[in-house]
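Hi everyone, thanks for coming. Let's have a look at this one together and see how its pieces sit against each other.

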Amino acid sequence: MLGTIVISLLVVFSIATQPSTTPPAALDPSTWSLGLRLYQKLRLDSGSVNTLFSPLLVASSLGAVSEGAAGTTVSQLQQLLEKPKDKTTNAHLSQSLTGFVEANQTGFMLHFSSALFSKKATLRPSLMSHNEEMLKIKHRPLLEDWSPHKQIDDWAKAELFGGFQGGSPVEPEVHLKAGAMIVANALRFKGLWERDFSDRRNDERTFLGRKYTKVMMMHRAGLYCHFEDMENMVQVLEVPLWGGEASVVLLLPFHVENLSRLEKLLTVDLLSNWLQKTNTTSVAISLPRTNISCTLGLQKQLSALGLIDAWDQEVADFSRVADQSEERLHLGGVLHWASLELAPEGGEGSADLEDEHVERPKLFYADHPFLFFVRDLKTGALLLMGALDLAEGEALHDEL
């Protein structure tokens, strides 16, 4: 089957800017709903450790594929992406991607590269041009005299600057029959905090995850948006990134446990409710300094969410993708590479900010598994989400 690849990298960069005072946008359902549903399927189906992916990039790439679909195929694609009230889904996703690009050089550095891989098919130039402009996807035909699996895998690693430590989801997820299309995303992200965290190299603690490991912890005390849900036994914390364009939302269970109980609760409405209930208060934050890498093949999970016809060469209708094709077009896989660094650095000038007045702070001590979300405060899009189950470090003994 053939291939569509969307690959995006996020690497840190900074510029001195002032935080925005504009109230954050409501959570965007087209990325948050898809992200939460896909996340829950991933955790249920694979029991994966350190799940990480970009709902915005997955939604955008599926939106691009839907531009060339028809019949029940396009209906199923559109049902995955909840339509905003005032515009089309792809127009909204395009706006979110543009906002993401424009937020570059504030809370993170963004290098964004996207590609549509195809095998033995000449895709419609007008559609490819439209998708490249709106949804940042560039078409790349697969070469006949070189392993298509290796082409996809090598391109992804090259886009990640060779810094990706995870494996490859290409085999056996991808089935490269003539006429197949492969959707893939890859990203590398490191955010810059609004205020630096301390980085005491000798502050080694135990992270109580799937394995107990020795990790370096980083600390910061200040005024943050915080809420404690006593019924569901979870702390909700929002930490701004430099420039006020995006923030990191952290969900930490009260007690040491795996994340399955919390994951079953998650809905867009519940997360919106939690965020609305946060209050600015004194918080002492401790986070592990660590790297997270994840490789995913998403065909099974997307099929379970209702995307069924697109994979079947006899049923899939991508008649608007190519003027003519030797083989009927269909999806052969949806792939995702992701890498995240949790580090103490803030944006340029953040270290010179005066310390906030902190009295009797709440303790947010993330020495056990937690969930995290990176949200665009202007568009409400969910840029990145995941779970830290296992922090890199010297293993002590297995627990969770």
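Helix 2 and helix 4, which covers residues 89-102, pack at an angle of about 140°, and their axes are 10 Å apart. Helices here are DSSP runs of H or I, at least four residues, numbered from the N terminus. Axes are lines fitted to C-alpha atoms over the stretch in contact, with angles from 0 to 180 degrees between N-to-C directions. That angle makes helix 2 oblique to helix 4; oblique is what remains once you set aside under 35 degrees (roughly parallel), over 145 (roughly antiparallel) and 65 to 115 (roughly perpendicular).

A word on the source: this is a predicted model, where local features need pLDDT of at least 70 and side-chain atom pairs pLDDT 80 or more, while totals for chains, interfaces and linings use all residues. Residues are numbered from 1 along each chain, and side-chain values use heavy atoms, without hydrogens and water.

Who meets whom? From helix 2, residues including L56, A59 and G63 meet helix 4 residues, among them L93, L97 and F100; contact means heavy atoms within 4.5 Å.

Helix 2, residues 55-66, also gives the most to the largest nonpolar core, with seven residues. That core has 101 residues. Such a core is a set of buried Ala, Val, Leu, Ile, Met, Phe, Trp, Tyr and Cys residues joined through side-chain atoms within 4.5 Å, and buried means under 20% relative accessible area (1.4 Å probe, protein chains only). F318 is one of the residues with the most contacts inside this core, and V65 and L77 are among the residues F318 touches.

Definitions and conventions: Buried < 20%, exposed > 50% of the residue type's maximum accessible area, 1.4 Å probe, protein only. Helix = DSSP H or I, 4+ residues; strand = E, 2+ residues; numbered from the N terminus. Lists of a residue's contacts leave out its neighbours within four places in sequence.
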